[in-house]
Structures are given as structure tokens and as C-alpha cells.
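Here are my notes on the model you sent over. I have kept them as numbered points so you can check each one against the structure.

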Amino acid sequence: MNRNLDTIKQNLLDQKKELELKLTTLAKEAFSDGQVQDPGDQALLSTMESLRTSLQDSDLEQYKRIVRAIKKFEDGSYGICIDCGNDISEKRLLSFADADRCLACQEEYEDLQTE
Ligand SMILES: [Zn+2]
């Protein structure tokens, strides 16, 4: 294994902490009920609400990926491509710390998704 893994793990832990804070804030906001009488405001509010929901979903998705990556550190499977079993390049992991696949397998995987 390579020497930058500690840095990558630290990045993941920092990102996890940041997302936890963000998601907690979003959840609190979602539960606070504002007084809305005007139908225009109501429409705006529902737009905001759906925006917030999709934002929260992608944050949640990111959060799950980070948690999974941290777990991989613990069981020693971090940085190994789930498709071909080869090491994922350090360069790729530094940009995408939660990558499951090496670049070649990821490209293949994305091709399959869009077919
Ligand atoms: Zn691969």
C-alpha cells in the first residue's frame, strides 16, 4: 500500500464530519414550519423544498459513499477495484477518495449505465 493512504483517510474523515454537520442543519431546516399565507409564497416554498430535498439526497448519497470507503480502510480492501481486483491508482484516489473502481473499469461501468 502507498504512503498517501493516511492523507486520503484523513480527507474522508474530514468530509464525513462536514457532511454530518450539513445534513443535520438541513434536517433541522426541513422540520421548522414557516407561516405561509400567500399562494405565491407557497409555490416558492414548495420549489425550495424540492430543491432542498434533492440537495439533501445527493449529500446523503455522498455521505454513504464516504462511510463505505472508511469501512474499506478498516477491512483492508480500500483502494482495490471491485471489478478487476487491481489497485486503484493513487492519483485517482486523491481526486476521488470514495472510488470503487479503477479508471478503466469505471469507464466500462459508465458505458453500461448509459446503454
Ligand atoms: Zn478495475
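1. A quick definition before anything else: buried means under 20% relative accessible area, exposed means over 50%, and partly exposed is what falls in between. By that yardstick, 23% of the 115 residues of the chain count as buried. Keep in mind throughout that this is a predicted model.

2. The overall layout is easy to describe. The chain has 4 helices and 0 strands, so in order from the N terminus the elements read α-α-α-α. Among the helices, H1 covers residues 5-31 and H2 covers residues 39-75.

3. On contacts and surface: if you take the contacts in the chain with a separation of 6 or more, 57% of them link residues 24 or more positions apart. The chain exposes about 8,400 Å², and carbon and sulfur atoms supply 52% of that area.

4. Now the metal. Which protein atoms are the donors of the zinc ion? They are the SG atoms of Cys81, Cys84, Cys102 and Cys105, lying 2.3 Å from the zinc ion. Along the sequence, these donor residues follow the spacing C-x2-C-x17-C-x2-C.

5. Why is the arrangement around the zinc ion called tetrahedral? Because the 4 donor atoms subtend angles of 104 to 117 degrees, and four donors count as tetrahedral if all angles lie between 85 and 135 degrees. For reference, the ideal angle for four tetrahedral donors is 109.5 degrees.

6. Two of the zinc donors deserve a look for their exposure. Cys81 has a relative accessible area of 3%, so this residue is buried. Cys84, at 37%, is partly exposed.

7. Next, the rings. How many aromatic pairs does a search of the whole structure find? The search turns up 1. The partners are Phe73 and Tyr78, with 4.0 Å from centre to centre and 15 degrees between the planes, and the pair is stacked. Planes under 30 degrees apart count as stacked, which is why the pair gets that label. Phe73 is buried at 17% relative accessible area, and Tyr78 is buried at 4%.

8. There is also a charge over a ring to check: the charged end of Arg101 sits over the ring of Tyr109, 3.7 Å from the ring centre.

9. Is Asp59 buried or exposed? This helix H2 residue has a relative accessible area of 8%, so Asp59 is buried. Leaving aside residues up to four places away in sequence, Asp59 touches Leu19, Lys22, Leu23 and Leu26.

10. Gln56 also lies in helix H2. With residues up to four places away in sequence not counted, Gln56 touches Leu23, Leu26 and Ala27. Leu23 and Leu26 therefore turn up in the contact lists of both Asp59 and Gln56, contact meaning heavy atoms within 4.5 Å. As for Leu19, its C-alpha atom is 10.0 Å from that of Gln56, with the two positions 37 residues apart along the chain.

11. Last one: Asp6, found in helix H1. At 63% relative accessibility, Asp6 counts as exposed. Asp6 and Phe73 are 67 residues apart in sequence, and their C-alpha atoms are 9.8 Å apart in space. Phe73, you will recall, is the buried partner of Tyr78 in the stacked pair.

Technical notes:
Residues are numbered from 1 along each chain as its sequence is written. This is a predicted model: local features need pLDDT of at least 70, side-chain atom pairs count only at pLDDT 80 or more; totals for chains, interfaces and linings use all residues. Side-chain values use heavy atoms; hydrogens and water are left out. Donors are N, O and S atoms within 2.8 Å of the metal (3.2 Å for Na, K and Ca); water is not among the atoms, so sites may look incomplete. Four donors count as tetrahedral if all angles lie between 85 and 135 degrees; four count as square planar and six as octahedral if opposite donors are over 155 degrees apart and all others between 65 and 115; anything else is irregular. Buried means under 20% relative accessible area, exposed over 50%, partly exposed in between (1.4 Å probe, protein chains only). Helices (H or I, at least four residues) and strands (E, at least two) are DSSP runs, numbered from the N terminus. Accessible areas come from the Shrake-Rupley method with a 1.4 Å probe; for residues, only the protein chains shown count as cover. Rings of Phe, Tyr and Trp (its six-membered ring) pair if their centres lie within 6.5 Å; planes under 30 degrees apart count as stacked, over 60 as edge-to-face and the rest as tilted. A charge sits over a ring if NZ of Lys or CZ of Arg is within 6 Å of the ring centre and within 35 degrees of the ring normal.
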